Amino acid sequence: MAPNVPAPGPIVGIDLGTTNSEIAVYRDGRVDLLGEPQLIPSVVGLDEQGQLIVGEAAKNQAALFPERTVRSVKRLMGGGQTIQLGSEKFKPEEISACILRALKQRAEQALETPLRRAVITVPAYFSDAQRQATFAAAELADWDVVRMIHEPTAAALAYEVGQEGRRHLLVYDLGGGTFDVSVVAVEQDVLEVIASTGDRRLGGDDFDTCLVRHFFALLQQQHDLPAEALQGRLAASLQKSAERTKIHLSDFPYALVEEAYVGETAAGEPIHLRCEVMREQYEALIAPLIDRTMEAVQKALLESELTVLDIEEVVLVGGSTRTPLIQQRLETLFGLVPRAGIHPEFCVATGAAVQAAVIDGVAVDAVLLDVTPYTFGTNAIDARHDGEESYNPHFFAPIIRKNTPIPVTRSEVFCTVNENQKEVEIKIYQGESDDVRDNLLIGDFTVTGLSPAPAGNLVTVQLALTKDGVLEVTAQEKVSGLQKSLVIRRSFQPGDVKTVSAAKERINRLFAEGESRDDDDEADDSLEASADDSRENETDGPHHLIERAEALQPSLGESDATDIAAAVAALKAAMVESDVDAIAQKQSHLDDLLFYLEM
Ligand code: ADP
Ligand code: MG
């Protein structure tokens, strides 16, 4: 290096995504995503004056001016196509270079130093030509690529740095337009992708399309709209509302959609959109798409010659994995709570930044995360209609789960249990047990003056948790909007926030044994869990059930022991087949047997 060349800045990590891109750096034990906002849409365009625009501005004009906007250029990398933008022609790597250059500018601004060296991630399935095109794009944007790593490897690295022993992770990556699922083997500091499959044409954009169709069908009932009306301005507006609604439904049980103007009819009347979408309704729309991803998960397991039992961690990557239904489906299949301590859209850039720091000679033994150390929720009556025994008035309904990145705001909807119930007592607990009596009561209040209504009047309980542990609780009667709030100043000590070792957490979970309980007193002004409450929380995961069964085995009589052994074998067989429905069924059978035998 020439003597008077200034020392280069730190090596940074770049996730050049199909839908969004991010740039990050590791410093002081943390990974910082650079720029504001931290996520930049991978969209490039020319504005009305012919000026180049990258990111949000380009995304905003994409639907209206497709002839001068390019999205998802990553799909074209390494192919020979040219891209027409206005009157000019570009190669895919030139378009990618625009994104990489925009990332460079924002990072240099944030770090106040020139940058040159980067670790860039690419999908595990990228061919040599696609990698070469990515290198070429980086060069055009003045980056030296010190290493190119696989996206699933980066995601695994973000969570696994500092872990010991050989482990297998399943990385489930659902972005805007692509789905990738990979199995990564981790041993000491060596990460290897042992299987990778997916669907290159499936992503969150398809979830948007489901809602667009739903909205359009509603509009067709109100106006005389032919199918061809769904284009141009109307299609663009509905797409925007759809994405907003979808994102809202990831954290809240229902969404009110209200758009004053989404377009006009052939006769020139303005069209406005107003409707309410419940989460379950939305989930029914997207369920077939999620089924397809679960099929690919099976395929990845098959390819790696592993079963669900061999997977120690499930890692969520990509913005679309914020959808609660996806988390539930994976939790049921693997019997593990998926890792989500890093925002899923930042996971790949985080891992790239960790790799960059390691190459730079920085000691990295863990990544500090701002996550909640506890689960917070409320009590509800668990009135599943599958027999008297399951009636449990002390059921803990989690709202914000342990290890969720903070700050975070989430809500769930509950219903009253009595006719004309006038008030409802809201109790907020902290803890991990599904019986509130084993958790810590950290605040309570009563909402009075509920509207006269039959049982089933909906009350939303919302929790907003800050980084400092301030928890704001708001309960609201849905029909009237009547609400009451409470602020809990110290729901945890900020010092409690730390990286929790996954292995340790799993051990804790295995030892957190749920005892059988007596269903005595019934709280009067309770809430009932609404239909949607995740069942995974109420029963143990399959791994845990098998442990319990095996622990019980020696103390049983011959006939009980035979029953238990058969139930365990059936559950294991279902898990080997990775058959979700069969697992759920065998799991519940074993759970029932254990319930009686452990008493
Ligand atoms: P990629 O890696 O393909 O570039 P991302 O990981 O950034 O894409 O994911 C983008 C997708 O995630 C988009 O479809 C976006 O609508 C979706 N998304 C973002 N936030 C949420 C959310 N809270 N709930 C559901 N989907 C979301
Ligand atoms: Mg991404």
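A residue counts as near a molecule if one of its heavy atoms lies within 4 Å of it. With that settled, I can start on the ligand. One caution before I do: this is a predicted model.

Ligand 1 has 18 residues around it. Those that come nearest are Thr 19, Asn 20, Glu 243, Lys 246 and Ser 250. What kinds of residue make up this shell? The count is 1 nonpolar, 12 polar and 5 charged.

Next, the individual contacts. The side chain of Glu 243 has an N or O atom 2.6 Å from an oxygen atom of ligand 1. Gly 319 takes part through its backbone, where an N or O atom is 2.9 Å from an oxygen atom of the ligand. Ser 320 also uses a backbone N or O atom, and here the distance to a ligand oxygen is 3.3 Å. How much of the ligand does the protein cover? On its own, ligand 1 has 590 Å² of accessible area, and the protein covers 90% of that.

Which elements give two or more residues to the shell? They are α5, residues 204-222, and α6, residues 232-251. The largest share comes from α6, with 4 residues.

Let me stay with α6 for a moment, since Ser 250 is found in that helix. Ser 250 has a relative accessible area of 11%. The limit for buried is under 20%, so Ser 250 is buried. Its side chain reaches the backbone oxygen of Arg 322 at 3.5 Å. Leaving aside residues up to four places away in sequence, Ser 250 touches Arg 279, Arg 322, Thr 323 and Pro 324. To put the two parts together, Ser 250 is among the residues that come nearest to ligand 1, and Arg 322 is one of its protein contacts.

Now to Gly 17. You will find Gly 17 in the loop between β1, residues 12-16, and β2, residues 20-27. Is Gly 17 buried or exposed? Its relative accessibility is 11%, so Gly 17 counts as buried. Beyond residues up to four places away in sequence, Gly 17 touches Ser 42 and Lys 74. Pro 41 is 24 residues from Gly 17 along the chain, and their C-alpha atoms are separated by 8.6 Å.

For contrast, here is another loop residue. Asn 420 sits between β20, residues 408-416, and β21, residues 423-430. Why is Asn 420 called partly exposed? Because its relative accessible area is 36%, and partly exposed covers the range between the 20% limit for buried and the 50% limit for exposed. Asn 420 touches Pro 452 and Ala 453, again not counting residues up to four places away in sequence. The C-alpha atoms of Asn 420 and Gly 456 are 9.8 Å apart, with those positions 36 residues apart along the chain.

A strand residue next. Arg 167 lies in β12, residues 167-174. Arg 167 is a charged residue, and it is buried, with a relative accessible area of 8%. What does its side chain meet? A polar contact of 2.8 Å joins it to the side chain of Glu 160.

Last, the cysteines. How many disulfides does the structure hold? The number is 0. Two cysteines I looked at are Cys 210 and Cys 275. Cys 210 counts as buried, at 12% relative accessibility. Cys 275 is also at 12% and counts as buried.

That is my part.

Key:
Residues are numbered from 1 along each chain as its sequence is written. Chains are lettered from A and ligands numbered from 1 in the order in which they are written. This is a predicted model: local features need pLDDT of at least 70, side-chain atom pairs count only at pLDDT 80 or more; totals for chains, interfaces and linings use all residues. Side-chain values use heavy atoms; hydrogens and water are left out. A polar contact is a pair of N or O atoms within 3.5 Å; within protein, one must be able to donate a hydrogen and the other to accept it, and residues adjacent in sequence count only if both atoms are side-chain atoms. Accessible areas come from the Shrake-Rupley method with a 1.4 Å probe; for residues, only the protein chains shown count as cover. Buried means under 20% relative accessible area, exposed over 50%, partly exposed in between (1.4 Å probe, protein chains only). Contact means heavy atoms within 4.5 Å. A disulfide is a pair of cysteine sulfur atoms within 2.5 Å.
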